[in-house]
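Colleague: Could you take me through the metal site, one of the helices and the charged pairs in this model?

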Amino acid sequence: MKLTVYGCRGSVPYARSECSRYGGNTSCMRIEAGGHQLIVDAGSGLMQLQAEWREIYPSYPGELPFPVDILLSHLHMDHIIGLTAFEPVLKPGVDVRLFTASTPMFGAYKPPYWPVSLDVISRARIVTVNAGVPFNPGGSLTVTPFAANHPDNAVAFHITDGEKVVVYLLDSETSTMTEAAYGALVSLCKNADAVIFDAAYDEADYPAKRGWGHSTVKDGVRLADACHCKRMIFSHFDQEYGDDRLDAMYQRISGLGGGKRFLFARDGMEVTI
Ligand SMILES: [Zn+2]
Ligand SMILES: [Zn+2]
């Protein structure tokens with residue numbers, strides 16, 4: 001199983017020199033496993049993936065040797081903004097599926113908020129998914145969405161190819177969950193090969209943002225200790241945190257678990273799971 005990070009930021013894409021090492025794109029990752037590939041969330045990082053495909057496939061966006069499958073955790077702008085300029089969604093003849101637990105899709109992309117209605121010009125097929133109901137998008141993959149502690153019907157994803165398990169858990173606030181809900185989350189993440197975890201805020205900033213639906217590095221370490229996942233990859237960092245701030249946040253946990261158990265995502269990072 002291979003994970004590639006194309007966007008590790010939360011909320012707002014923010015390109016600036018202080019973010020040059022971690023990157024400034026919002027959530028977008030790709031998981032390749034079980035003879036299939038999935039894009040998870042379509043933040044501004046999707047532009048980087050598009051640039052990569054344009055280079056690899058001269059006929060892009062046509063004649064891709066695989067279906068374009070995108071899992072959307074929810075429809076907040078930072079998770080769908082990449083769709084506005086993602087050519088496979090806009091060109092006829094390309095097989096694109098958007099898996100979402102939220103409807104209607106593209107509500108934010110209509111005049112006067114966006115000049116063209118994406119629900120009119122989009123060629124993508126919308127596939128509605130439901131929390132707790134597994135589905136097979138292709139190959140040997142099984143994806144199970146489950147409710148995230150975040151506004152607007154957000155879901156997380158448990159993804160397995162039959163051998164490895166990765167849990168995509170961005171946009172979820174674990175410290176305010178009920179004991180029962182947290183226990184269920186620990187069970188879902190139990191012994192996972194990797195958990196991708198929301199570390200939007202530094203501890204010091206969290207109290208002012210409590211209830212916004214995001215977590216901290218400390219919350220992640222707590223979950224990792226409870227579920228015994230082999231690896232935890234933190235992402236969805238606040239756009240205001242520059243490289244030095246993220247380095248300092250990572251420094252505090254880098255020694256835990258022999259230095260390999262915890263990773264901070266950065267745009268362009270590849271991880272073999
Ligand atoms: Zn987000
Ligand atoms: Zn959100």
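The questions below go through these topics in turn, for a model that is predicted.

Colleague: Which residues coordinate the zinc ion (ligand 2)?
Modeller: A residue counts as a donor here if its N, O or S atom lies within 2.8 Å of the zinc. The donor distances at this ion run from 2.1 to 2.6 Å. They belong to His74 (NE2), His76 (ND1), His150 (NE2) and Asp171 (OD).

Colleague: Is the site of the zinc ion (ligand 2) tetrahedral or irregular?
Modeller: Four donors count as tetrahedral if all angles lie between 85 and 135 degrees. The angles among the 4 donor atoms of this ion are 86 to 176°. Square planar would need opposite donors over 155 degrees apart and all others between 65 and 115. The site is classed as irregular.

Colleague: How are the donor residues of the zinc ion (ligand 2) spaced, and how many residues apart are histidine 74 and histidine 150?
Modeller: The spacing in sequence is H-x1-H-x73-H-x20-D. Histidine 74 is in the loop between strand 4 (68-72) and helix 2 (77-80), and histidine 150 in the loop between strand 7 (142-147) and strand 8 (155-160). The pair links distant parts of the chain, 76 residues apart.

Colleague: Are histidine 74 and histidine 150 buried or exposed?
Modeller: The cut-off for buried is under 20% relative accessible area. Histidine 74 has 0%, and histidine 150 has 10%. Histidine 74 is therefore buried, and histidine 150 also counts as buried.

Colleague: Which residue bridges the zinc ion (ligand 2) and the zinc ion (ligand 1)?
Modeller: The two ions lie 3.6 Å apart. One of the donors of ligand 2 is Asp171. The bridging residue is aspartate 171.

Colleague: Why do the buried residues of helix 5 lie on the same side, and what arc do they cover?
Modeller: An α-helix has 3.6 residues a turn, so residues three or four places apart point the same way. In helix 5 (residues 179-189) the buried residues are Tyr182, Leu185, Val186 and Cys189. They sit on the same side of helix 5 because they cover an arc around the axis of only 100°.

Colleague: Which residues are exposed on the other side of helix 5, and what covers the buried ones?
Modeller: The cover of the buried residues includes strand 7, strand 9 (165-169), strand 10 (194-198) and helix 6 (217-227). On the other side of helix 5, the exposed residues are Ala180 and Ser187.

Colleague: How far apart are the closest N and O atoms of arginine 125 and aspartate 95?
Modeller: The search of the whole structure finds 17 salt bridges. Arginine 125 and aspartate 95 form a salt bridge. Arginine 125 is in strand 6 (residues 125-128) and aspartate 95 in the loop between helix 3 (87-90) and strand 5 (96-100), 30 residues apart. The closest N and O atoms are 2.7 Å apart.

Colleague: In the salt bridge of arginine 245 with aspartate 202, which residue counts as buried?
Modeller: The closest N and O atoms of this pair are 3.2 Å apart. Arginine 245, in helix 7 (residues 243-251), and aspartate 202, in the loop between strand 10 and helix 6, are 43 residues apart. Arginine 245 is partly exposed at 33%. At 7% relative accessibility, the buried partner is aspartate 202.

Terms used:
Residues are numbered from 1 along each chain as its sequence is written. Chains are lettered from A and ligands numbered from 1 in the order in which they are written. This is a predicted model: local features need pLDDT of at least 70, side-chain atom pairs count only at pLDDT 80 or more; totals for chains, interfaces and linings use all residues. Side-chain values use heavy atoms; hydrogens and water are left out. Donors are N, O and S atoms within 2.8 Å of the metal (3.2 Å for Na, K and Ca); water is not among the atoms, so sites may look incomplete. Four donors count as tetrahedral if all angles lie between 85 and 135 degrees; four count as square planar and six as octahedral if opposite donors are over 155 degrees apart and all others between 65 and 115; anything else is irregular. Helices (H or I, at least four residues) and strands (E, at least two) are DSSP runs, numbered from the N terminus. Buried means under 20% relative accessible area, exposed over 50%, partly exposed in between (1.4 Å probe, protein chains only). The arc is that of the directions from the helix axis to the C-beta atoms. Contact means heavy atoms within 4.5 Å. A salt bridge is a side-chain nitrogen of Lys or Arg within 4 Å of a carboxyl oxygen of Asp or Glu.
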